[in-house]
Amino acid sequence: MFRKLIIATGNKGKYREFCEIIRDVAGENFADEIIFAPEISRMIVDETGKTYAENSMLKARAWAERSGLPCLADDSGLEVDALNGAPGLYSARVIQGGDSDKVSWLLGQLEGVENRRARFAAALCLCVPEKFTLITESYCPGKIIDSPRGYDGFGYDPVFLPNGYYLTFAELPGHVKNKISHRTNAFKKLNAHIKTDSL
Ligand code: IMP
């Protein structure tokens, strides 16, 4: 479908995750070449949007303007029911420090709280210069457990138990997470739109 497609991220792990999602959901023909462009990733795009959708669009459009190529960007976060949807848009910057600090912050907030329901949310934006900008959003519902389990993944993965599973996102093999994740669900919607709307 696309000759070249840039994944708008400086994070090699996220790039690999997207390559797998695109291949699984849309097949090899979605793009002849999926590009990781660390040189563009040095360009800082301020995530000033008030929604995941806005932030994903700011990133995709900036990268597409810079490269002249189709660009796929995402923005995502963890929404916890008992915290009224926090940390949400601020999941990456809710406190300073690394992933384990953020996990400790979250468990601290939920100490003694019975309602553990949460969901990961993701918006994806595909910007094809001179043609269209398409945004989709989706979720992966689950709950927050009491203490971290597992070593794979990143962010809040060790405390997130997706609905219907007994293993956390950090315990599940990557290919299983990629079948049910918020980013996968959002990409499925994106792919369906591209198929139905003619390019
Ligand atoms: P961003 O979309 O790269 O800005 O990520 C937002 C933040 O949400 C990440 O830094 C993580 O803290 C959290 N997050 C988003 N998706 C995931 C996931 O799949 N697993 C764990 N944490 C995630």
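## Pairing of β4 and β5

In this predicted model, Ala122 has Ser138 of β5 as its bridge partner. A second bridge between these strands links Phe120 to Cys140 in β5. In total, 12 bridges join β4 to β5, and the two strands run antiparallel. The hairpin that β4 and β5 form has 3 residues between the strands, and in this hairpin Glu130 takes a positive phi near 65°.

Phe120 also has a counterpart on the β3 side: Leu78 stands opposite Phe120 in β4. Strands β3 and β4 are paired over 10 bridges, again in the antiparallel sense. Strand β4 is mostly covered, with 10 of its 12 residues buried.

## The sheet

Which strands make up the sheet, and in what order? There are 6, arranged β2-β1-β3-β4-β5-β6 in an open sheet with mixed pairing. Strands β2 (31–36) and β6 (160–162) are at the edges; each has a single partner strand, so one side of each has no neighbour in the sheet. From one strand to the next, the twist averages 35°. Strands of a sheet pair through backbone hydrogen bonds, in a parallel or an antiparallel arrangement.

At the β6 edge, β5 (residues 132–144) pairs with β6 over 3 bridges in the antiparallel sense. Among the bridge partners here, Gly142 is matched with Pro162 in β6, and Lys143 is matched with Leu161 in β6. Helix α3 (residues 52–67) packs on the sheet and touches β1 (2–7), β3 (71–80), β4 (117–128) and β5. The direction of α3 makes about 160° with that of β3.

## Nonpolar cores

The largest nonpolar core has 21 residues, of which Leu78, Val80, Leu106, Ile144, Val159 and Phe160 touch the most other members. At least two residues of this core come from each of β3, α4 (99–109), β4, β5, β6 and α5 (174–180). Helix α4 gives the most, with 4 residues. Apart from this core lies another, of 20 residues, including Tyr15, Phe18, Leu72 and Leu124.

Which residues of α4 are buried? They are Lys102, Val103, Trp105, Leu106 and Leu107. These buried residues pack against β3 and β5. The spacing of residues along a helix is relevant here. An α-helix has 3.6 residues a turn, so residues three or four places apart point the same way.

Val159 of the largest core is in contact with residues from α4 and from elsewhere in the chain. Leaving aside neighbours within four places in sequence, the contacts of Val159 are Val103, Leu106, Leu107, Lys143, Ile144, Ile145, Ser147 and Pro148. Of these, Val103, Leu106 and Leu107 are among the buried residues of α4, and Lys143 is the residue bridged to Leu161 in β6.

## Thr136 and Cys19

Thr136 lies in strand β5. Is Thr136 buried or exposed? Its relative accessible area is 5%, under the 20% limit, so Thr136 counts as buried. A polar atom of the Thr136 side chain lies 2.8 Å from the backbone oxygen of Ala186. Not counting residues up to four places away in sequence, Thr136 touches Ala122, Ala123, Leu124, Ala186, Lys189, Leu190 and His193. Ala186 therefore appears both as a contact of Thr136 and, through its backbone oxygen, as the polar partner of the Thr136 side chain.

Cys19 lies in helix α1 (residues 12–26). With a relative accessible area of 19%, Cys19 is also buried, because the limit is 20%. Cys19 and Phe36 are 17 residues apart in sequence, and their C-alpha atoms are 9.9 Å apart in space.

## Ligand surroundings

How many residues surround the ligand? There are 14, and the closest are Lys14, Ser76, Asp157, Lys177 and Arg183.

Polar atoms of the protein approach the ligand through side chains and backbone. An N or O atom in the side chain of Lys14 is 2.7 Å from an oxygen atom of the ligand. For the side chain of Asp75, an N or O atom is 3.4 Å from a ligand oxygen atom. Tyr156 contributes a backbone N or O atom, which lies 3.2 Å from a nitrogen atom of the ligand.

How values were computed
Residues are numbered from 1 along each chain as its sequence is written. This is a predicted model: local features need pLDDT of at least 70, side-chain atom pairs count only at pLDDT 80 or more; totals for chains, interfaces and linings use all residues. Side-chain values use heavy atoms; hydrogens and water are left out. Two strands pair if DSSP finds at least two bridges between them. Axes are lines fitted to C-alpha atoms, for helices over the stretch in contact, and angles run from 0 to 180 degrees between N-to-C directions. Contact means heavy atoms within 4.5 Å. Buried means under 20% relative accessible area, exposed over 50%, partly exposed in between (1.4 Å probe, protein chains only). A nonpolar core is a set of buried Ala, Val, Leu, Ile, Met, Phe, Trp, Tyr and Cys residues joined through side-chain atoms within 4.5 Å. A polar contact is a pair of N or O atoms within 3.5 Å; within protein, one must be able to donate a hydrogen and the other to accept it, and residues adjacent in sequence count only if both atoms are side-chain atoms. A residue is near a molecule or strand if one of its heavy atoms lies within 4 Å of it.
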